[in-house]
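Q: I'm new to this one. Can you walk me through how to read a few of its features?

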Amino acid sequence: MTEIASRSKSQQAYHWIKERIASQVFTPGYRLVLGTIASELDMSVVPVREAIRQLEAEGLVTFERNVGARVSMVDDTQYRYSMQALSILEGTATALAARRLTPDDIHAARRINELMIETLEHFDPHAFTRLNQEFHATLFGKCPNPRMLELVEAEWGRLGNLRDSTFSFVPGRAQESVREHENIVRLIEHGAPLGEIEKAARRHRSATLDAYMIHEHPDEALGLPAF
């Protein structure tokens, strides 16, 4: 009876998790913490682990050593398209906004980046991503072209629907990202040519996509275009 009960709970957990993946409550990259799910369902972690193994066999969940279980990026084509588009749009918007930024804006951007650095010790990809968006919005928010701003914000919104956090897939990218943030801020602060600022912001965004491709699709990562 115990084995049958365990199997029944495993199926209950399986359907509960799968339904949330299908409805995008659990988006791609979302970490599936066994203890949290077990507590939510009022069961032990054993049937939850069995459910996750079943979902892994179906390709809906990926298990990675030292990371744990997370929702797979089942179809990441749209994600790639949005990241490519955003690298160009956000790079341009950042350059157009650069001359309008005040010392207070520069200080705010640096403070956000410092908070991002503080999260690295006990890394939370979701919190890091929220701060990352806030950092970039501080830099491109004063872009004088309202249509450009609308397009950038639309692509950020699409990315939020396509995945939980890119940094869930490539956490090592976070350390590189904060260093690149400081470089962009320094260029703006020192009045660098707008083309140089645009290039740095664009390459910063495309580097995240490159890191994702190398991690998730190494066979396709060769010869990645340098956006």
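A: Sure, let's start with rings. Rings of Phe, Tyr and Trp, the last by its six-membered ring, count as a pair if their centres lie within 6.5 Å, and planes over 60 degrees apart make the pair edge-to-face. Keep in mind that this is a predicted model.

Q: How many aromatic pairs does that rule give here?

A: The count comes to five aromatic pairs. Take Tyr79 and Tyr212: their ring centres are 5.0 Å apart and their planes sit at 70°, so this pair is edge-to-face. Tyr79 belongs to helix α4 and Tyr212 to helix α10, 133 residues apart, so the pair links distant parts of the chain. Elsewhere, ring pairs join Trp16, Phe26 and Tyr30 into a cluster.

Q: Are Tyr79 and Tyr212 buried or exposed?

A: Buried means under 20% relative accessible area. Tyr79 is buried at 1%, and Tyr212 is buried too, at 0%.

Q: How do I describe two packed helices?

A: You give the angle between their axes and the distance between the axes. Here the axes of α2 (residues 34-41) and α3 (residues 45-57) come within 9 Å and cross at roughly 115°. The crossing is right-handed. Leu34, Gly35, Ile37 and Ala38 in α2 meet Val45, Val48, Arg49 and Ile52 in α3. Those contact residues divide into six nonpolar, one polar and one charged.

Q: What span should the 17 residues of helix α9 have?

A: At 1.5 Å a residue, α9 (residues 173-189) should span 24 Å, and its end C-alpha atoms are 24 Å apart, which agrees. Its buried residues, among them Ala174, Val178 and His181, pack against α4, α5, α6, α8 and α10.

Methods:
Residues numbered from 1 in each chain as written. Predicted model: local features only at pLDDT ≥ 70, side-chain atom pairs only at ≥ 80, totals over all residues. Heavy atoms only, no water. Axes fitted to C-alpha atoms, helices over the stretch in contact; angles between N-to-C directions. Helix = DSSP H or I, 4+ residues; strand = E, 2+ residues; numbered from the N terminus. Left-handed = near helix turned anticlockwise from the far one by under 90°. Contact = heavy atoms within 4.5 Å. Nonpolar A, V, L, I, M, F, W, Y, C, P; charged D, E, K, R; others polar. Expected span 1.5 Å × (residues − 1). Buried < 20%, exposed > 50% of the residue type's maximum accessible area, 1.4 Å probe, protein only. Phe/Tyr/Trp six-rings, centres within 6.5 Å; stacked < 30°, edge-to-face > 60°.
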